[in-house]
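Trainee: Could we go through a protein model together? I'd like to know what the words behind the numbers mean.

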Amino acid sequence: QKMPPSLPATINIREPRWDQSTFQGRAKHFFMVTDPRNLLLSGATLEEARRVVEDYRAGTLQPGLTEDQLWRAKYIYDSAFHPDTGEKMILVGRMSAQVPMNMTITGCMLTFYRTTPAVLFWQWVNQSFNAIVNYTNRSGDAPITPGQLGTAYVSATTGAVVTALGLKSLTKHLPAIIGRYVPFAAVAAANCINIPLMRQRELKLGIPVTDENGNRLGESTAAAQKAIFQVVVSRIGMAAPAMAIPPVIMNMLEKRAFLKRYPYLNAPLQVGLVGLCLVFATPLCCALFPQKSSMPVSSLEPEVQDQIRKKVPWLETVYFNKGL
């Protein structure tokens, strides 16, 4: 007599573990997705997670596998492998690299903001990192061409640098604390340029909209606009605490004797403060909007509304993946 399987074959591991209709559920999901410890996992651990996930999806239940182990494998797999292509993603482009990479870059932007060469260099580093992240996490349905990637990269870098240098010249005669917020304004401006450009194909051709069960009903540019707006808000929100709180603390510390005696501690302190903010801001701001976003059929373009009403006349709400 065969032993019964240790867990049912009906768990939907293509969806997150927690209820995504609540902020708490989304936050738990993104704390797992952005966990920097996933970067330390060995290649063997990643391949084992891939095997567990692919076996389970194929209906093969490994003896003794528990539900917690299955979900752990799912999140390890999702942290390293592209959801559409299944390829292993570039290490620095993974969502789990967001906190360590951003804390280093943002900390340096906030520390070295006084000279023009430093502003130019760190804004360039930041946008180069953003380009890698956007390319690594591209959608399989809407691949990014090298031309689109180059245009977005050059435009965002130029926008960030022009904003930073323009604001820097305006704040010369204002209190020092104001100057510390120039990098945040530059990053916010770059996000407003970078993300729409990186996803311009979606704005032109639309993104897939589905019913609640995932049945594809068509492509909508109105849904693309909403998705991109939500991502821009999330990204700016992600940067806000890390770029708004440390400057206040550092401004106070620099007036004390301690930092005047040990000025070399300025950069490590700044990076540490930014990291502390990002550990919480990154997953919480990713969770501001559901990954599977929705909008009324009546808010779509007239031709898409007609298309949907012919297929499903009673449908009132459509769903779409907003992206990250």
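Mentor: Let's talk about the two domains and how they touch. This is a predicted model, where local features need pLDDT of at least 70, side-chain atom pairs count only at pLDDT 80 or more, and totals for chains, interfaces and linings use all residues. Residues are numbered from 1 along each chain as its sequence is written, and side-chain values use heavy atoms, with hydrogens and water left out.

Trainee: How do you know where domain 1 and domain 2 are?

Mentor: Domain 1 covers 23-79 and domain 2 covers 95-321; such bounds come from an automatic or database domain assignment. Their C-alpha centres lie 26 Å apart.

Trainee: What makes residues of domain 1 and domain 2 part of the contact?

Mentor: Contact means heavy atoms within 4.5 Å, so 12 residues from domain 1 and 16 residues from domain 2 take part.

Trainee: Why is the area between domain 1 and domain 2 called buried?

Mentor: Buried area is the accessible area (1.4 Å probe) that two parts lose on being put together, summed over both. Here that comes to about 1,200 Å², with 75% from carbon and sulfur atoms. On the domain 1 side, Arg26, Phe30 and Thr34 lose the most area, together 44% of what that side buries.

Trainee: How do you know how many salt bridges cross the interface of domain 1 and domain 2?

Mentor: The rule wants a side-chain nitrogen of Lys or Arg within 4 Å of a carboxyl oxygen of Asp or Glu. Across this interface it finds 0, so no pair there counts as a salt bridge.
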